Amino acid sequence: MFYLFHGEDEFSRAEAVSGLKRRMGDDPAMADLNTIVLDGRRITMSELQHACDTIPFMADQRLVIVEGWLEALAAQGKGKAEETLQELTAYLPHLPPTTRLVFVENRRIERHHPVHKLATALDCGYVKEFAPPQKDSLHRWISKRAEKHGGKITPQAARELAAFVGDDLRLLDQEIAKLVAYAGGERPVNPEDVHLLGSYAQEANIFHMVDALGRRDGRTAMRLLHQLLSTQKPLPILGMIVRQFRILVQVKELGEEGLRSREIAAKLKLHHFVVEKGLRQARNFSMAQLERVYDKLVETDVAIKTGQLDAVLALDLLVAGLSRQR
């Protein structure tokens with residue numbers, strides 16, 4: 001059996017892969033022994049075939065996960081890529097019945113792609129596209145996640161949470177889990193819960209850290225960063241920093257055009273208190289500075305995701321650099 005999981009919704013893709021791992025059996029140690037993850041930027045067809053043809057060790061199945069291979073092939077010369085794809089599509093119908101092969105792609109794979117077409121045509125193939133929810137339907141995604149966590153959330157609270165956190169699904173899911181636990185399953189999560197828990201958590205970290213960066217107070221910014229790192233993983237923290245600076249760029253631009261905070265909130269579909277804080281923080285930066293900061297955030301994201309830098313070290317260097325930004 002082979003799977004093609006593709007699309008830009010990294011959170012849901014990762015959940016689907018985790019689901020396949022859980023189906024490997026009740027023994028986590030044995031499941032790990034029979035799971036291999038391959039970097040699609042470096043593997044060859046022979047290496048993939050060897051991984052798939054290996055017999056499972058004291059288990060019924062072997063899980064082979066290949067990350068980003070189809071995208072990497074597309075970046076190669078046309079002749080070489082076509083040759084590899086021909087070999088791949090000739091091999092896939094003959095996968096050992098004990099192997100579950102998963103292609104994980106960060107971007108959408110078109111329907112006319114040979115692997116997509118084959119997975120759709122064969123009984124042993126499976127395709128699922130993971131597209132992130134649109135901004136106007138994010139509140140519905142939040143409601144479904146609340147139910148998955150064993151609770152409920154009112155439509156207004158879901159909209160408040162979407163406005164406050166944004167479209168970072170991993171971070172949203174963490175906040176939803178906390179809110180459902182706080183409500184205790186006895187009642188739906190309401191807007192007051194969102195303001196109480198969400199505002200407190202975020203005010204204590206990202207807003208204050210950005211304030212410190214605006215003051216060029218590197219020591220305070222670094223302390224707040226490591227408070228965040230004590231409870232959260234680096235990439236979600238970077239996502240929150242990116243979102244906050246994106247808001248600063250947007251509100252500063254619209255503020256300079258003469259729009260009031262409530263008009264900006266309506267235009268950007270953000271809560272008014274998020275916009276008001278953004279306008280205050282944006283005064284600490286020129287537009288040129290904000291653009292340079294945003295470029296640096298993108299560089300840091302690439303460095304972490306490509307393995308050029310350890311994630312915590314990358315965030316330390318980022319905060320140290322931004323606190324000196326002129």
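Which residues are linked in a network of salt bridges? In this predicted model, the network joins E15, R145, K148 and D173. A search of the whole structure finds 15 salt bridges, and several of these are described below together with the overall fold, the nonpolar cores and the surface patches.

The chain contains 16 helices and five strands. Its C-alpha trace spans about 60 × 50 × 35 Å along the principal axes. Of the 326 residues of the chain, 48% count as buried.

In soluble globular proteins, nonpolar side chains tend to be buried together. The largest nonpolar core of the model comprises 48 residues. Within this core, the residues that touch the most other members are I142, L161, L172, M209, I237, F245 and L297. At least two core residues come from each of the helices α7 (138–148), α8 (155–165), α9 (169–183) and α10 (191–214). The same holds for α11 (218–229), α12 (234–256), α15 (287–305) and α16 (311–322). A second core, separate from the largest one, has 24 residues. Among its members are I43, L48, W69 and L88.

Individual salt bridges were examined next. In helix α9, E175 and K178 are three residues apart and are therefore separated by about one helical turn. Their side chains meet in a salt bridge with an N to O distance of 3.0 Å. The two partners differ in exposure: E175 counts as buried because its relative accessibility is 5%, under the 20% cut-off, whereas K178, with a relative accessible area of 40%, is partly exposed.

A comparable spacing occurs in helix α15, where D301 and K305 are four residues apart and so are also separated by about one helical turn. The salt bridge between the side chains of D301 and K305 has an N to O distance of 3.4 Å. D301 is partly exposed, at 24% relative accessibility. K305 is classed as exposed because its relative accessible area is 57%, and the cut-off for this class is over 50%.

A further salt bridge is formed by the side chains of D39 and R41, at 2.8 Å from N to O. D39 has a relative accessibility of 24% and therefore counts as partly exposed.

Two surface patches were considered, one negative and one nonpolar. The negative patch is formed by E253, E257, E291 and D295. Of these residues, E257 lies in the loop between α12 and α13 (261–268). E257 counts as exposed because its relative accessibility is 53%, and the class begins over 50%.

The nonpolar patch consists of L33, F57 and M58. Together these three residues have about 370 Å² of accessible area. F57 is located in the loop between α3 (45–53) and β3 (62–67). With a relative accessible area of 47%, F57 is partly exposed, since this class covers values between the 20% and 50% cut-offs.

Methods:
Residues are numbered from 1 along each chain as its sequence is written. This is a predicted model: local features need pLDDT of at least 70, side-chain atom pairs count only at pLDDT 80 or more; totals for chains, interfaces and linings use all residues. Side-chain values use heavy atoms; hydrogens and water are left out. A nonpolar core is a set of buried Ala, Val, Leu, Ile, Met, Phe, Trp, Tyr and Cys residues joined through side-chain atoms within 4.5 Å. Buried means under 20% relative accessible area, exposed over 50%, partly exposed in between (1.4 Å probe, protein chains only). Patches are made of residues with over 30% relative accessible area and no salt bridge: like charges are joined within 9 Å, nonpolar side chains (Val, Leu, Ile, Met, Phe, Trp, Tyr) within 5 Å. Accessible areas come from the Shrake-Rupley method with a 1.4 Å probe; for residues, only the protein chains shown count as cover. A salt bridge is a side-chain nitrogen of Lys or Arg within 4 Å of a carboxyl oxygen of Asp or Glu. Lys and Arg count as positive and Asp and Glu as negative; His and the chain ends are not counted. The place of a charge is taken as NZ of Lys, CZ of Arg, CG of Asp or CD of Glu.
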